[in-house]
Amino acid sequence: MKILRLDTQACDVLGAQLADLLRDAAPGTDAATAQRGWQDVRAAVAGGTRVLLAASQDGLLVGAVQLDLCQPPGEDQRAVIEALVVRTRMRRRGIGGVLLRAAEAEARTLGRTELRVAAQAGSGADALIHDL
């Protein structure tokens with residue numbers, strides 16, 4: 001598995017896979033909504049306010065995490081995990097943990113000393129966060 005930092009060009013090339021990943025991870029999300037969601041993320045990546053990391057295995061995106069780089073004055077030490085998604089058939093294989101650790105390392109590289117992440121109580125993501 002490879003962890004990739006996606007720039008705007010990579011978002012364009014992998015747009016269909018990103019939308020498919022979101023639809024798989026969030027059942028009920030239609031194709032147009034998924035595509036618009038990733039276009040919004042692409043715009044934030046282009047603006048330098050978001051980092052998008054993706055996990056790739058055998059040429060397929062199997063997970064992604066977004067790192068929001070907080071921009072308000074006085075908040076430049078903080079970053080927030082905005083979204084962590086892993087394909088349903090690839091869950092429970094450590095991909096989410098690898099992505100979270102990669103996001104933490106990226107935040108540190110960018111000089112962020114405070115990293116915030118939240119999850120719904122009792123969810124798989126909640127258990128993952130507590131296991132890290």
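In this predicted model, the axes of helices H2 and H3 approach to within 9 Å and cross at roughly 120 degrees. Because angles between 115 and 145 degrees fall outside the parallel, antiparallel and perpendicular classes, H2 and H3 count as oblique to each other. The crossing of the two helices is right-handed. On the H2 side the contact is built from Gly15, Leu18, Ala19, Leu22 and Arg23, and on the H3 side from Ala31, Ala34, Gln35 and Trp38.

Both helices also lie across strands of the sheet. H2 (15-25) lies across S1, S2, S3 and strand S4 (78-86), and its direction makes an angle of about 90 degrees with S3. H3 (31-46) lies across S1, S2 and S3, at about 120 degrees to S2.

The sheet itself is open and has 5 strands, in the order S1-S2-S3-S4-S5, with mixed pairing. Its edges are formed by S1 and strand S5 (114-116), each of which pairs on one side only. From one strand to the next, the twist averages 25 degrees.

A pleasant place to follow the pairing is S2, which has S1 and S3 as neighbours in the strand order. Strand S1 (residues 2-6) runs antiparallel to S2 and is joined to it by 5 bridges. S2 and S3 are likewise antiparallel, with 8 bridges between them. Leu53 can be traced across both pairings: Leu53 is the bridge partner of Arg5, and in S3 the bridge partner of Leu53 is Val65. Next along the chain, Leu52 stands opposite Gln66 of S3. The hairpin of S2 and S3 has 2 residues between the strands, and here Asp58 adopts a positive phi near 55 degrees. S2 is mostly covered, with 7 of its 8 residues buried.

Attention can now turn to the packing of side chains. The largest nonpolar core comprises 17 residues, and Leu6, Leu18, Trp38, Leu52 and Ala64 have the most contacts inside it. At least two residues of this core come from each of helix H1 (8-13), H2, H3, strand S2 (50-57) and strand S3 (60-69). Another core, of 16 residues, lies apart from the largest one and includes Ala55, Val62, Ile95 and Leu100.

Leu18 offers a good view of the largest core. Residues up to four places away in sequence being set aside, Leu18 touches Leu6, Cys11, Trp38, Leu52 and Leu61. Of these, Leu6, Trp38 and Leu52 are also listed with Leu18 among the residues with the most contacts inside that core. Leu18 and Trp38 appear again in the contact between H2 and H3, so that the helix pair and the core can be read together at these residues.

Val62, one of the residues of the other core, is located in strand S3. Val62 has a relative accessible area of 1% and is therefore buried, the limit being under 20%. Beyond neighbours within four places in sequence, Val62 is in contact with Met1, Leu21, Ala55, Ser56, Gln57, Val85, Val86, Arg87, Met90 and Ile95. Among these partners, Ala55 and Ile95 are also named in the 16-residue core. The C-alpha atoms of Val62 and Asp24 are separated by 10.0 Å, although these two residues stand 38 residues apart along the chain.

Key:
Residues are numbered from 1 along each chain as its sequence is written. This is a predicted model: local features need pLDDT of at least 70, side-chain atom pairs count only at pLDDT 80 or more; totals for chains, interfaces and linings use all residues. Side-chain values use heavy atoms; hydrogens and water are left out. A nonpolar core is a set of buried Ala, Val, Leu, Ile, Met, Phe, Trp, Tyr and Cys residues joined through side-chain atoms within 4.5 Å. Buried means under 20% relative accessible area, exposed over 50%, partly exposed in between (1.4 Å probe, protein chains only). Helices (H or I, at least four residues) and strands (E, at least two) are DSSP runs, numbered from the N terminus. Contact means heavy atoms within 4.5 Å. Two strands pair if DSSP finds at least two bridges between them. Axes are lines fitted to C-alpha atoms, for helices over the stretch in contact, and angles run from 0 to 180 degrees between N-to-C directions. Angles under 35 degrees count as roughly parallel, over 145 as roughly antiparallel, 65 to 115 as roughly perpendicular and the rest as oblique. A crossing is left-handed if the near helix is turned anticlockwise from the far one by less than a right angle, and right-handed if clockwise.
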